[in-house]
Amino acid sequence: MTEKCRRLWEYSEFVAEVNGNLDSGMPLKTAVAKAIDTCIRKDILTDILRKNQLEVFAMLLTEYDEKKHMKLLYRQGYEKGELAGRQELLETQVRKKLQRGKDAVSIADDLETEIDIIEKIIRTIQTS
């Protein structure tokens with residue numbers, strides 16, 4: 001039991017070293033390399049880090065990059081959804097104004113949108 005607790009503590013110390021290095025502004029590769037060296041000097045995860053240093057280094061770079069990539073994908077998806085929502089709202093507003101008999105110039109003025117965008121939406125509505 002004590003060995004498992006020790007290993008868990010060592011792992012958390014290693015992660016803290018990496019995060020501390022990143023927080024101080026180090027690039028990811030430097031932060032990981034320095035954390036590995038520091039932990040070996042402090043006798044933290046020494047058996048694993050000495051034996052598998054390159055594998056640990058590569059795995060951490062991949063894991064951190066994956067997290068960054070997933071955040072980027074989420075943000076891009078959110079922005080696309082937000083843009084699609086705005087486009088849908090604009091099309092709904094144009095459709096309603098057309099039903100009230102307004103022309104493209106009036107609609108563009110009312111919605112404070114460029115005339116070419118409104119005309120494109122009108123063409124889309126008329127062909128669907």
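User: I'd like to learn how to read burial. Is Lys97 buried or exposed?

Analyst: Happy to help! The idea is to compare a residue's relative accessible area with a cut-off: under 20% counts as buried. In this predicted model, Lys97 has a relative accessible area of 15%, so Lys97 is buried.

User: Where is Lys97 found, and which residues does Lys97 touch?

Analyst: Lys97 belongs to helix H4, which covers residues 53-99. Leaving out residues up to four places away in sequence, its contacts are Lys102, Ile107, Asp110 and Leu111.

User: Ile107 and Leu111 sound like a good place to go on. At what angle do helix H5 and helix H6 pack?

Analyst: For a pair of helices, look at the angle and at the distance between the axes. H5 (residues 104-111) and H6 (residues 115-127) pack at about 120°, and their axes are 9 Å apart. Angles from 65 to 115 degrees would count as roughly perpendicular, and only those over 145 as roughly antiparallel; H5 and H6 are therefore oblique to each other. The crossing of H5 past H6 is right-handed.

User: Which residues make the contact?

Analyst: From H5 come Ala104, Val105, Ile107, Ala108 and Leu111, while H6 brings Ile115, Ile118, Glu119 and Ile122. Sorted by type, the residues of this contact are eight nonpolar, one charged and no polar.

User: Now for cores. How many residues does the largest nonpolar core have?

Analyst: Here you look for buried nonpolar residues joined through their side chains. The largest such core has 14 residues, and Phe14, Val18, Val32, Ile36, Leu49, Val56 and Leu60 have the most contacts inside it. Helix H1 (2-23), helix H2 (28-41) and H4 each give two or more residues to this core. H2 supplies the largest share, with six residues. Another core, of 10 residues, lies apart from it, and includes Ala104, Ala108, Leu111 and Ile118.

User: Let me try a loop residue. Where is Ile44 found, and is Ile44 buried or exposed?

Analyst: Ile44 sits in the loop between H2 and helix H3 (46-51). Use the cut-off from before: Ile44 has 4% relative accessibility, so Ile44 counts as buried.

User: Which residues does Ile44 touch, and how far apart are Ile44 and Ser12 in space?

Analyst: Beyond residues up to four places away in sequence, Ile44 touches Trp9, Glu10, Glu13, Cys39 and Leu49. For distance, read sequence and space separately: Ile44 and Ser12 are 32 residues apart in sequence, and their C-alpha atoms are 9.9 Å apart in space.

Notes:
Residues numbered from 1 in each chain as written. Predicted model: local features only at pLDDT ≥ 70, side-chain atom pairs only at ≥ 80, totals over all residues. Heavy atoms only, no water. Axes fitted to C-alpha atoms, helices over the stretch in contact; angles between N-to-C directions. Helix = DSSP H or I, 4+ residues; strand = E, 2+ residues; numbered from the N terminus. Parallel < 35°, antiparallel > 145°, perpendicular 65-115°, else oblique. Left-handed = near helix turned anticlockwise from the far one by under 90°. Contact = heavy atoms within 4.5 Å. Nonpolar A, V, L, I, M, F, W, Y, C, P; charged D, E, K, R; others polar. Buried < 20%, exposed > 50% of the residue type's maximum accessible area, 1.4 Å probe, protein only. Core = buried A, V, L, I, M, F, W, Y, C linked by side-chain atoms within 4.5 Å.
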